[in-house]
2 protein chains.
Amino acid sequence: MKRFVLIEQLLKDKGIRLTTQRRLVVRRAVSHLHFTAEELVADVRAIEPSVARGTVYRVLILLHEAGVLEKHDFWHGPPYYEVTFGKAHHDHLMCVQCGEIIEFQEPRWERLQEEVVKQHGYQLLSHTHKLYGLCERCQHVDPKRASKPPHLHVEEVVA
Amino acid sequence: MKRFVLIEQLLKDKGIRLTTQRRLVVRRAVSHLHFTAEELVADVRAIEPSVARGTVYRVLILLHEAGVLEKHDFWHGPPYYEVTFGKAHHDHLMCVQCGEIIEFQEPRWERLQEEVVKQHGYQLLSHTHKLYGLCERCQHVDPKRASKPPHLHVEEVVA
DNA sequence: CTAAAATTGAGACTGAGTCTCAACTAGATT
DNA sequence: AATCTAGTTGAGACTCAGTCTCAATTTTAG
Ligand SMILES: [Zn+2]
Ligand SMILES: [Zn+2]
Ligand SMILES: [Zn+2]
Ligand SMILES: [Zn+2]
């Protein structure tokens, strides 16, 4: 089953009306790994120019509220979004020198986390773990000779 | 030694000119646990109204580039900043509704992390863990009526 | 002291995202 | 199928955070 069909069902189950525009925006959104809101606007309009900017942003809010959209913030520039529906949860280990990204799962973390959250009376909605370091290869390279770290940008994934 | 003195030294060592305005902004910034940029602008101006908004934002960029400023993003609203220099490591639990930020330490977590990193041959340099959720109060409040109090935690006052 | 370089204040500007509202559906109900 | 109505849309004005410009000022180097 296509991912967007399942997401449409998810929205429907929440009593959200499925319009032509929403279907289109959702389909374009799931077709990208990472995208900025404005990129999505342009992408949707390349297919159906009449779709309003506000409509696209409203769909992003719907997906966010449905818990299937992640936002990746950087210091510079607009955030990148990512539809996470149907993807297994994972965290990230990144090399600050070469930009390598390792994705991994750690159930003990996830358990510990629930514990911490309950201690403070919180209801957990989502979380982000990012580990920054040097990969084996980069540990043995003279920093002066090392290639510039490719800025994480769209490759950076937040759990 | 006061934290802001050490930060001023850090900036100086980077060849950054220390002006009266910069000293004031740094001192006000380190006096808060978490703050939005606009809160800092208002805070600084309460002491010295002539300081320009741009000056405050420029100091934030300097602190960021010096690696002593962390940015905490939410879905709604502006990011919160935090001067991390000289503080014991901690992670964050944030309420997405009211913006409350709880800092906590979890040694088991940190240990587990070292383990994971070593498994991949990495040398850990830094990390961030952010847990997003609803605080106890916000779980029982209609989102539409929820107040949005800025959580301006004052740690120390600098004249 | 003087000149060059960096920083500042003020406010215009940008860009992301939100809001308003009249016109328009999707989907429920005859 | 026709009707009804609450939810949705397009268009563009609007808000807000953050950046930029530039003349005036301040700092540092010589
Ligand atoms: Zn995790
Ligand atoms: Zn590497
Ligand atoms: Zn930690
Ligand atoms: Zn709250």
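A quick definition before we set off: a residue counts as buried under 20% relative accessible area, as exposed over 50%, and as partly exposed in between. Keep in mind that you're looking at a predicted model.

**Stop 1: the zinc ion.** Select ligand 1, the zinc ion, and show its protein donors: H89(A), D91(A), E110(A) and H127(A), with donor atoms 2.1 to 2.6 Å away. D91(A) appears twice in the donor list, each time through an OD atom. Along the sequence, the donor residues follow the spacing H-x1-D-x18-E-x16-H. Now pick out the two histidines: H89(A) sits in the loop between strand 2 and strand 3 of chain A, while H127(A) is in strand 5, 38 residues apart. Colour by accessibility and H89(A) comes out as partly exposed because its value is 32%, whereas H127(A) is buried at 7%.

**Stop 2: H72(A).** Next, click on H72(A), in strand 1 (residues 69-72) of chain A. This residue is buried, with just 1% relative accessible area. Its side chain makes a polar contact with the side chain of E82(A), at 2.8 Å.

**Stop 3: DNA strand D.** Finally, select DNA strand D and the 16 residues around it; among the closest are T19(A), Q21(A) and T55(A). Of the strand's atoms within 4 Å of the protein, 75% belong to sugar and phosphate. Zoom in on T55(A), where a side-chain N or O atom is 2.5 Å from a phosphate oxygen. For Y81(B), the corresponding distance to a phosphate oxygen is 3.5 Å. Over at Q21(A), a polar side-chain atom lies 3.0 Å from a sugar or linking oxygen. Which helix gives the most to this surface? Helix 4 of chain B, with 3 residues.

How values were computed: Residues numbered from 1 in each chain as written. Chains lettered and ligands numbered in written order. Predicted model: local features only at pLDDT ≥ 70, side-chain atom pairs only at ≥ 80, totals over all residues. Heavy atoms only, no water. Donors = N, O, S within 2.8 Å, 3.2 Å for Na, K, Ca; no water. Helix = DSSP H or I, 4+ residues; strand = E, 2+ residues; numbered from the N terminus. Buried < 20%, exposed > 50% of the residue type's maximum accessible area, 1.4 Å probe, protein only. Polar contact = N/O pair within 3.5 Å; in protein donor to acceptor, adjacent residues only side chain to side chain. Near = heavy atom within 4 Å.
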